[in-house]
Amino acid sequence: MVLPNVSHLTIPSSPAYIGAVVELSRAQALEIYERMALIRTFEERVAQLFAEGRIPGFVHLYAGEEAVAVGVCTHLNEGDYITSTHRGHGHCIAKGVPLGEMMAELFGRSGGSCKGKGGSMHIADVSRGMLGANGIVGGGPPLAAGAGLTAKVLGTGAVAVCFFGDGAAEQGTTHEAMNLAAIWKLPVVFVCENNQFAESTPVVYHCAATSIADRAVAYNIPGVSVDGYDVIAVYEAAGEAIVRARRGEGPSLIEARTWRYFGHFEGDQVTYRTAEQSAAHREHDPLTTFARQAAERGLLTQEDVDRIHRDAARQVEEAIAWAEASPLPAPEEALTDVYVAYR
Ligand SMILES: Cc1ncc(C[n+]2csc(CCOP(=O)(O)OP(=O)(O)O)c2C)c(N)n1
């Protein structure tokens, strides 16, 4: 089915994308909404659990940015790769990492994706192409270039998607990775989640460009800036970039403009932006925006939306129960699987 009325979805800054029309089936619309609702529910519940002191370490929540992870990962297969950031729960869920294993990782339990040794900032599930959340800002782009090189050399047809923040956009590693991926025409899609802040620093303080997507010019690759609240816009841009990567035409850069609903980390007092600003951004909430777009096109009903939220809540509670039933790692395993150990 071809969706009508998509003029607002046409992406202005790259001729390659102009005029593209998004086609979504009801099954795809359900899948997209289900994934976004699962991320939102997971994050809101993790915020509560953290406040109750039930999760050790740091957590950085992804709520508000769901359309980016889901709009991109809906195109990916299990054999494709993603690299993530310290704010990685949404990427993990969108790529299909089981919720129970994620929650157990947050709880530091042995059933976690990394046996409870990584925590929120280091969830990885290589078997599902999730190459890792990453506590190093700008750590993901070189990994994505490496995964793209692997795919190219082995001829697997896989694509590597690199999620990174506007802060990470200023790291040298990001530029080195984009340049190398462009020179070697690697199947990599660089997705900058511009949520307007790096910790407490507004993007206008740290970024000389008015659009991070414009930096693609420096690597002679397509660059496009999209509304990161609009999952259809992200889906459309990502679809073009992923097809291009699979055709062997090299990398692309997508900037998705978005906003995180929570602080930089849980416990952040959020003194660097106003409640009014946040309220204005929430008017464009990705879930309600997509529910409306899909309803207008006869793809989703209010009953679907209600059922999906109930189901997401059930899945997250099951994940918590599964995590809590999982034992702590045995002390004698403290150094097993650990890449670098200080002795
Ligand atoms: C190499 C490095 N420098 C600094 C930090 C400290 N730090 C953690 S998160 C962060 C901001 C990252 O901002 P951005 O990339 O925009 O991601 P966001 O938190 O907005 O999702 C910084 C500077 C770090 N973890 N790694």
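**Q&A on a predicted model with a ligand**

User: Is Thr 83 buried or exposed in this model?
Analyst: Thr 83 has a relative accessible area of 1%. This is a predicted model, and the cut-off for that class is under 20%. Because 1% falls under that cut-off, Thr 83 counts as buried.

User: Which residue has its backbone oxygen 3.5 Å from a polar side-chain atom of Thr 83?
Analyst: Thr 83 is found in strand β1, residues 81–83. Leaving out residues up to four places away in sequence, Thr 83 touches Leu 131, Gly 132, Leu 143, Ala 144, Val 161, Cys 162 and Phe 163, and Gly 140 is on that list too. The backbone oxygen that lies 3.5 Å from a polar atom of the Thr 83 side chain belongs to Gly 140.

User: How much confidence does the prediction carry, and over which residues is the pLDDT below 50?
Analyst: Mean pLDDT for the protein chain is 92, and 93% of its residues reach 70 or more. There's one stretch to watch, which has 52 contacts in the model beyond near neighbours in sequence. Where pLDDT is low, the predicted coordinates should not be read in detail. The stretch with pLDDT below 50 is residues 1–21.

User: On to the ligand: which residue has a polar side-chain atom 2.8 Å from one of its oxygen atoms?
Analyst: The ligand has 15 residues around it, and those that come nearest are His 86, Arg 87, Gly 135, Gly 167 and Phe 197. From that group, the polar side-chain atom at 2.8 Å from a ligand oxygen belongs to Arg 87.

User: What share of the ligand's accessible area does the protein cover?
Analyst: Backbone atoms take part in the polar contacts: one from Gly 135 is 2.8 Å from a ligand nitrogen, and one from Asp 166 is 3.2 Å from a ligand oxygen. On its own, the ligand has 590 Å² of accessible area. The share covered by the protein is 71%.

User: By class, how many residues in the shell around the ligand are polar?
Analyst: Five residues of the shell are nonpolar and three are charged. Glycine goes in the polar class here. That class holds seven residues.

User: Is Ala 256 buried or exposed?
Analyst: Ala 256 sits in strand β7. Not counting residues up to four places away in sequence, it touches Val 68, Cys 192, Glu 193, Asn 194, Val 226 and Gly 228. Its relative accessibility is 0%, so Ala 256 counts as buried.

User: How far apart in space are Leu 149 and Ala 237, C-alpha to C-alpha?
Analyst: Leu 149 belongs to helix α5, residues 140–154, and is partly exposed at 32% relative accessible area. Leaving out residues up to four places away, it touches Trp 184 and Leu 186. Ala 237 is 88 residues away in sequence, and the C-alpha separation is 22 Å.

User: Where does Val 270 lie, and what is its phi?
Analyst: Val 270 is in the loop between β7 (252–257) and α9 (275–282). Val 270 is partly exposed, with 24% relative accessibility. Its phi is positive, in a residue other than glycine, with a value near 50 degrees.

User: Which residue after α11 has a phi near 65 degrees?
Analyst: The segment in question follows α11 (302–325). The residue is exposed, with a relative accessible area of 58%. It isn't glycine, yet its phi is positive: this is Asp 337.

How values were computed:
Residues are numbered from 1 along each chain as its sequence is written. This is a predicted model: local features need pLDDT of at least 70, side-chain atom pairs count only at pLDDT 80 or more; totals for chains, interfaces and linings use all residues. Side-chain values use heavy atoms; hydrogens and water are left out. A residue is near a molecule or strand if one of its heavy atoms lies within 4 Å of it. A polar contact is a pair of N or O atoms within 3.5 Å; within protein, one must be able to donate a hydrogen and the other to accept it, and residues adjacent in sequence count only if both atoms are side-chain atoms. Accessible areas come from the Shrake-Rupley method with a 1.4 Å probe; for residues, only the protein chains shown count as cover. Helices (H or I, at least four residues) and strands (E, at least two) are DSSP runs, numbered from the N terminus. Buried means under 20% relative accessible area, exposed over 50%, partly exposed in between (1.4 Å probe, protein chains only). Contact means heavy atoms within 4.5 Å. pLDDT is the predictor's confidence in each residue, from 0 to 100.
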